[in-house]
Amino acid sequence: MKLKLKRRIIFVGKTKRTRRLVQVTLVSLFAVARMTEAQSVIAPPPSVVVTPPAMQSAPNEMQVFKPESPLSTFLDEVQPLQWGPVTLRPHVFYQFTYGTGVQSSPGQQHDTVVQELAPGVLFILSPHWTLDYTPTFTFYSGNSFENNVGQSVSLNGGTTYGDWTLGLSQNFTYSSSPQVQTGTQTSQQTYSTSLSASHSLNSKMSVDLGISQNLNFPSGFQSTLEWSTMDWLNYEFWPRLTAGVGAGAGYVEATPNTVFEQLQARVNWRATDKTSFGINGGPQFTQFTEGGAKPLINPTFGASIQYLPFQHTQLSLSANEAVNNSYYQNQVSTTTSVGANLSQRLLEKFYLSLGGSYSWEKYTAVANGVSANSSSDYYSLNVSLSTTFLKRVSASVFYSYSDNITSQSGLAFSSSQIGFNLGYKY
């Protein structure tokens with residue numbers, strides 16, 4: 001007998017709780033990331049991301065762009081692939097890419113065809129939990145690259161307890177693809193865990209608490225294990241303007257081991273019905289347990305703008321600077337990036353997306369006698385045209401160009417890619 005999930009759905013709230021959840025979401029977008037930043041040259045197929053109803057929010061004042069249909073709406077429908085409280089949503093993506101200038105090893109560039117097939121299944125365990133498993137089969141046309149099977153497992157959940165909003169995320173990925181930072185096809189395993197809690201102190205003030213663990217194991221390069229926390233005190237001036245101050249700390253097990261602290265401030269502002277702003281920033285203090293390097297003080301920041309000039313036109317801008325763990329021992333990197341994206345609906349059924357970004361990465365030696373890698377400037381441009389038909393089938397064609405400019409031996413390249421993908425979500 002099928003369980004009627006509609007009555008069990010618990011929403012975070014339509015007013016104060018909703019705004020608090022939005023704050024938590026924006027924090028995750030702007031948080032300072034120290035984990036090794038993997039930047040693949042070949043774009044993977046689209047991933048499936050679903051938020052359990054317990055962590056979803058009703059339409060709110062801060063969000064300019066309308067989100068996709070929520071999972072709660074899906075749960076209200078009759079589902080044939082349902083056993084008790086568990087519902088299955090199979091999905092599959094296929095992507096064909098022809099790329100030029102793809103590096104198999106430093107200084108070795110090739111033209112190649114890449115085919116990726118990603119069948120998977122989303123388990124909706126309850127209104128509070130979702131579990132997704134997706135393997136990705138990747139095939140290259142030449143012998144310079146190794147065919148492989150990637151793995152992705154994601155568990156997400158959330159609930160409310162009294163005035164507390166609680167969340168949990170656990171992810172595992174295995175991938176093997178050409179990386180910008182290494183100049184070669186790099187296999188790596190990544191484990192990430194995050195816990196969040198949000199609580200109202202009164203009608204104006206609230207706290208957001210978060211703790212995370214990030215473990216990265218790249219083959220042939222430095223592994224990093226990180227544990228960190230970031231906690232915020234928020235004040236709501238009015239429903240469309242909130243501000244907060246935060247403090248965080250963390251420990252990174254690498255070469256050398258690292259201790260860091262962060263002080264941050266942030267503002268989220270829905271200026272008009274068509275415009276919203278989010279910004280955060282502050283210093284980061286980094287100390288090294290060995291190697292003789294002096295402590296570092298780095299500015300960090302994140303910013304985002306959403307603008308809706310017309311009903312079916314979306315424009316977003318972003319910028320951030322963060323201190324990251326490095327693939328290379330006795331080095332840390334500071335990455336600054338800016339980006340812009342434009343989405344336009346055409347002929348009611350098609351979506352044209354244009355995007356571009358520029359980032360520059362600077363390496364710092366954190367041990368005596370070590371020479372830091374040369375800095376790099378990375379440009380990328382992309383354009384895609386997509387559509388959805390038969391309700392559940394998606395298709396798109398795309399073109400992208402990327403250019404990595406650096407004096408580091410073997411890591412400079414330029415690559416053009418063109419292709420298409422097809423997807424199906426039950």
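**A colleague's note on this predicted model**

1. Let's start with a pair of charged residues. R266 and D208 form a salt bridge, with their closest N and O atoms 2.9 Å apart. R266 sits in strand β11 and D208 in strand β8 (residues 205–218), so this pair ties together parts that are 58 residues apart in sequence. Please keep in mind throughout that the model is predicted.

2. Is this pair buried or exposed? R266 counts as buried, because its relative accessibility is 6%, and the cut-off for buried is under 20%. D208 also counts as buried, at 5%.

3. How many salt bridges does a search of the whole structure find? The search finds two. In the other one, the side chains of D273 and R240 meet with N and O 2.8 Å apart. D273 belongs to the loop between β11 and β12, while R240 belongs to the loop between β9 and β10 (241–253), so here the parts tied together are 33 residues apart in sequence. As for their surroundings, D273 is exposed at 55% relative accessibility, and R240 is partly exposed at 25%.

4. Now for a wider view of the chain. Its secondary structure comes to two helices and 19 strands. The chain has 426 residues, and buried ones make up 44% of them. Among contacts with a separation of 6 or more, 58% are between residues 24 or more positions apart. The accessible surface is about 20900 Å², and carbon and sulfur atoms account for 61% of that area.

5. The strands β4, β5 and β6 are a good place to look at pairing. Strand β4 (residues 129–140) pairs with strand β5 (residues 148–161) in the antiparallel sense over 10 bridges. One bridge to find on screen links D132 with S154 of β5. β5 also runs antiparallel to strand β6 (residues 164–178), and 11 bridges join these two. Here V153 has F172 in β6 as its bridge partner. The hairpin of β5 and β6 has two residues between the strands, and G162 takes a positive phi near 65° there.

6. Which residues make up the largest nonpolar core? It has five: I42, V102, V114, Y140 and F145. In soluble globular proteins, nonpolar side chains tend to be buried together. F145 is worth selecting to see its surroundings. Setting aside neighbours within four places in sequence, F145 is in contact with V102, Q103, S104, H110, T112, Y140, P178 and Q185. Two of these contacts, V102 and Y140, are also listed in the core.

7. The surface has a nonpolar feature too. Y235, F237, W238, V267, W269, F277 and I279 make a nonpolar patch of about 670 Å². Two or more residues come from each of β9 (224–238), β11 (258–272) and β12 (275–288). β9 gives the most, with three residues. One of the patch members, W269, lies in strand β11 and is partly exposed, with a relative accessible area of 39%.

8. Y235 of this patch also leads to M205. M205 and Y235 are 30 residues apart in sequence, yet their C-alpha atoms are 4.6 Å apart in space. M205 lies in strand β8 and is partly exposed, at 27% relative accessible area. Not counting residues up to four places away in sequence, M205 touches S200, L233, N234 and Y235.

9. Finally, a few backbone details deserve a look. Most residues other than glycine have a negative phi, and most peptide bonds are trans. The bond from T255 to P256 is cis, with omega near 0°, and P256 lies in the loop between β10 and β11.

10. Where are the positive phi values outside glycine? N330 has one of about 60°, in the loop between β14 (313–325) and β15 (331–346). L390 has one of about 55°, in the loop between β17 (376–389) and β18 (393–406). Their surroundings are worth setting side by side: N330 is buried, with a relative accessible area of 18%, whereas L390 is exposed, with 69%.

How values were computed
Residues are numbered from 1 along each chain as its sequence is written. This is a predicted model: local features need pLDDT of at least 70, side-chain atom pairs count only at pLDDT 80 or more; totals for chains, interfaces and linings use all residues. Side-chain values use heavy atoms; hydrogens and water are left out. Patches are made of residues with over 30% relative accessible area and no salt bridge: like charges are joined within 9 Å, nonpolar side chains (Val, Leu, Ile, Met, Phe, Trp, Tyr) within 5 Å. Accessible areas come from the Shrake-Rupley method with a 1.4 Å probe; for residues, only the protein chains shown count as cover. A salt bridge is a side-chain nitrogen of Lys or Arg within 4 Å of a carboxyl oxygen of Asp or Glu. Helices (H or I, at least four residues) and strands (E, at least two) are DSSP runs, numbered from the N terminus. Buried means under 20% relative accessible area, exposed over 50%, partly exposed in between (1.4 Å probe, protein chains only). A nonpolar core is a set of buried Ala, Val, Leu, Ile, Met, Phe, Trp, Tyr and Cys residues joined through side-chain atoms within 4.5 Å. Contact means heavy atoms within 4.5 Å. Two strands pair if DSSP finds at least two bridges between them.
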